[in-house]
Each structure stands twice: as C-alpha cells, then as structure tokens.
Amino acid sequence: MSVTLPSIEVIFRQLAASFVSRSERGIAALILRDATEGSGESFFRFGDATQVPEDEFTAANQQYIKDALSFGPLRVSVVKVGASGTLADALAILVQKEQTGWITVCGGTTQDWSDLSSWIKAREKEQKSWKAVCYNTTAPDCMHIVNLVNPKVTFGDARGEVEGSQYAPSLAGLLAACNVLRGATGYVCGNLAAVEEPEDVNAAVGAGKFVLVNEDDQVKVGVDVNSLTTTNGSTQTEDMKYIETVEAMDLMRDDITNTFRTDYRGKYKNTTANQMLLLAAINGYFRDLGDENVLDPTYDNTAGVDVTSQRNAWIDSGKAEAAEWDDGKVISTPYKRTVFLGGDVKILGSMTDLRFVVALM
C-alpha cells in the first residue's frame, strides 16, 4: 500500500508515545587512546561493566568505561585509537556509528578539550545534537558543551584524589543517564568521596562552568548548566543555559527533522493543504509531549507557518509585492520547494530551588 499523507500524524504520535522509552537514557561516547593490541577493532558498544574485555584496553581505560557505565546510560560507545591517535580520527569513526551522544576524551589534554569544543560548535551550526563534556577549557559559550572545572576529585576507591579531568567520563555517563526525563541538579556522584570546589561556586556557575559540590557528606552536581553565557533573547535564551532544556530542544528538533526527511520530503507537493496536515501532526506531537511533562501542558504549544521568513523569501526572489501581502495571503502562498515553519513551546524544567515563607501570628 502506498504511503498517504495522513500517516505523518501516526508517525508523530508513535514518536510521542515512545518518548519515555527513547528518552529515559542517552548515550555516552568515550574517546580513548590505547596501544593495547586486542582485537584490532576501533569501535565498541557496552551496556554494562561485565561486557568490557580486559585484553582490549589498559586498566586505566577499562576503569573510565566502567565509571561511565556505573550511572546507567543506555550504552557507552567507545572509540579506540592508537597511543598517538588524533581526536579527528576518533570523531570520524564515531559519527559513522552514532548520531548523537555525550562525547568526552579519556585522559584528555588541553588541546583535546579545545579541539572537541570547536568540533561541537561546528556540529551545532549544522543542527546536529552532539554534546560534549570538556574540562576547564577556555569559555566555550555553547549550549552543547559542558565545562567541568573542579580542580581535584577524590574517588571512593583506591584511586583517591586525582585531577578533576579524570571525572569527565563519569560525568558523560551521568548526563547521558539523566537525558530528558530529569535534571542533573543535585544528582549524587556515587563514585566520589569528595571534590575540591572552585573558590566561588556561584561565580563559576554564572560563568557557564559545571561544578560538583560537597553536600550532606555526598558529592552532588551543583547546577545542571552548560557553558552558554551569551544570550540574545530569541535563539539563545536564559533557559538554554540548562542542560535539560537543551536535551528537550534537541529531541524535538531531531524527531521533527528526521520524520520530515524520511516520510515527507520529496513525497508530497508543497501546497498549503499539505503544510496544514504536517502542522496538525506536529501540533499533536506537542500535545503528547505536554502529557509527558516535557512541555508545559498549560501552555499553548503550537507550530505554524513562519510568515516572516516565507514573506522575505518571496521578496528576495523578486516578488516585491509580497511586502504588502497580509499574513493570510503569505500562508496560502507556499514558497517554491521550501516549507517555512516555526514553533512556540514552553519546556518544563525540574524543580531546583525552594522559597518557603512562613508567616507567624
């Protein structure tokens, strides 16, 4: 049976219905340099610590992998390059095997963090959902990069106190485990006994730095911030400084984009009627995400034709009279082969702060 247009709504409903199973846990992607001969393979996927082979990695790299797995992400994907392997080589392998995930470098260098930061920013411009855990790198100012800055961390095992950078694999696993369903703020870092905090934790967090704190005899995530500091009120807002907000944004963009490419693009003519059917399906998807408390169900989460962009496209093509069209005329005049859509949604954040005022009589 041939595909018919209304099936796009079914697909979006299936995506929303499967939201919890798809979003409960994410992927941690570890890049490591290792001269161990092993099997000669360069890419591995592990679901639990029992799957990590002893003859494939050094003891230190085995520990990094098990650290990430200990937080229960969907899986830990590992790219193994030689002792002198480059980050670029590893990333080229990774993108052939995974489409998204939290990337970090085991035993990373200052240059690794800088290069990984640059790579993530380039992927962000391509609207790819890769995210990275870097360590104390020059202010990335990017919603897809977490910049861990604790100078020292103390593991609860024989490793004891080590440089803070050695916690990057654990943090990648932690953030992948949180994914969209919960915020990382206050998450207990169960494999740590203590951390050295920055001198001014609040100032560090305000500067887009990710800080672990000592609280109630445990080590916890201070605030689940990424490194974004520059905002413009539209494409970069205060809410986008929080990891769970960006996770939800990425999920929706990936779902809508991938569904359009797979099940819509090239199959249907660019008519107003077809655009309205697509929008109806997307709006149904938003409603379902409201039921899952990803979006605020009390907010009017909607998608519609991006009237401004569509009008400007006609003007730029030489149709100057489009400047005088009313919005209805613009909406009823799709632009050539391009679908211009926009959305207005409210993503729910986790409760992190409490203000409780008691009035005494």
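Helices and strands here are DSSP runs, helices of at least four residues and strands of at least two, and they are numbered from the N terminus. With that in hand, we can walk through this structure, which is a predicted model.

Let's start with a residue in a loop. Asp-296 sits in the stretch between α9 (272–291) and β12 (302–305). Its relative accessibility is 10%, so Asp-296 counts as buried, the limit being under 20%. If you skip the neighbours within four places in sequence, Asp-296 is in contact with Asn-301, Lys-346 and Leu-348. Asn-293 belongs to the loop between α9 and β12 as well. Its backbone has something to look out for: phi of Asn-293 is near 60°, a positive value in a residue other than glycine.

Now over to a sheet. Strands of a sheet pair through backbone hydrogen bonds, either parallel or antiparallel. Here 6 strands make an open sheet with mixed pairing, and reading across you meet them in the order β2-β3-β1-β4-β5-β6. At the edges are β2 and β6 (145–148), each of which pairs on one side only. From one strand to the next, the twist averages 20°.

A good strand to pick out is β3, which covers residues 75–81. Of its 7 residues, 6 are buried, so β3 is largely enclosed by the rest of the structure. What does β3 pair with? One partner is β1 (residues 27–33), joined to β3 in the parallel sense over 7 bridges. You can find Arg-33 standing opposite Val-81 in β3. Another partner is β2 (residues 43–46), and this time the pairing with β3 is antiparallel, over 4 bridges. There, Phe-44 has Val-78 of β3 as its bridge partner.

Further along the sheet, β5 and β6 pair in the parallel sense, with 4 bridges between them. Tyr-135 stands opposite Leu-148 in β6. Leu-148 also leads us to a helix, since Leu-171 touches it, along with Val-133, Val-146 and Phe-210, once neighbours within four places in sequence are left aside. Leu-171 is part of α6 (residues 168–178). In sequence, Leu-171 and Leu-148 are 23 residues apart, while their C-alpha atoms are 8.7 Å apart in space. Is Leu-171 buried or exposed? With a relative accessibility of 0%, Leu-171 counts as buried.

Back to the sheet for one more helix. α4 lies across β1, β2, β3 and β4 (102–105), and runs at about 145° to β1. This helix also has a helical partner. Two packed helices are described by the angle between their axes and the distance between the axes. For α4 (residues 87–97) and α5 (residues 110–125), the axes come within 11 Å and cross at roughly 40°. That makes α4 oblique to α5. The crossing of α4 past α5 is right-handed.

Which residues of α4 and α5 meet? From α4 come Leu-87, Leu-91 and Val-95, and from α5 come Asp-112, Asp-115, Leu-116 and Trp-119. Sorted by character, the residues of this contact are 5 nonpolar, no polar and 2 charged.

Follow the chain on from α5 and you get to Gln-127, in the loop between α5 and β5 (131–135). Gln-127 has a positive phi of about 60° although it is not a glycine.

Conventions:
Residues are numbered from 1 along each chain as its sequence is written. This is a predicted model: local features need pLDDT of at least 70, side-chain atom pairs count only at pLDDT 80 or more; totals for chains, interfaces and linings use all residues. Side-chain values use heavy atoms; hydrogens and water are left out. Axes are lines fitted to C-alpha atoms, for helices over the stretch in contact, and angles run from 0 to 180 degrees between N-to-C directions. Angles under 35 degrees count as roughly parallel, over 145 as roughly antiparallel, 65 to 115 as roughly perpendicular and the rest as oblique. A crossing is left-handed if the near helix is turned anticlockwise from the far one by less than a right angle, and right-handed if clockwise. Contact means heavy atoms within 4.5 Å. Ala, Val, Leu, Ile, Met, Phe, Trp, Tyr, Cys and Pro count as nonpolar, Asp, Glu, Lys and Arg as charged, and the others, Gly among them, as polar. Buried means under 20% relative accessible area, exposed over 50%, partly exposed in between (1.4 Å probe, protein chains only). Two strands pair if DSSP finds at least two bridges between them.
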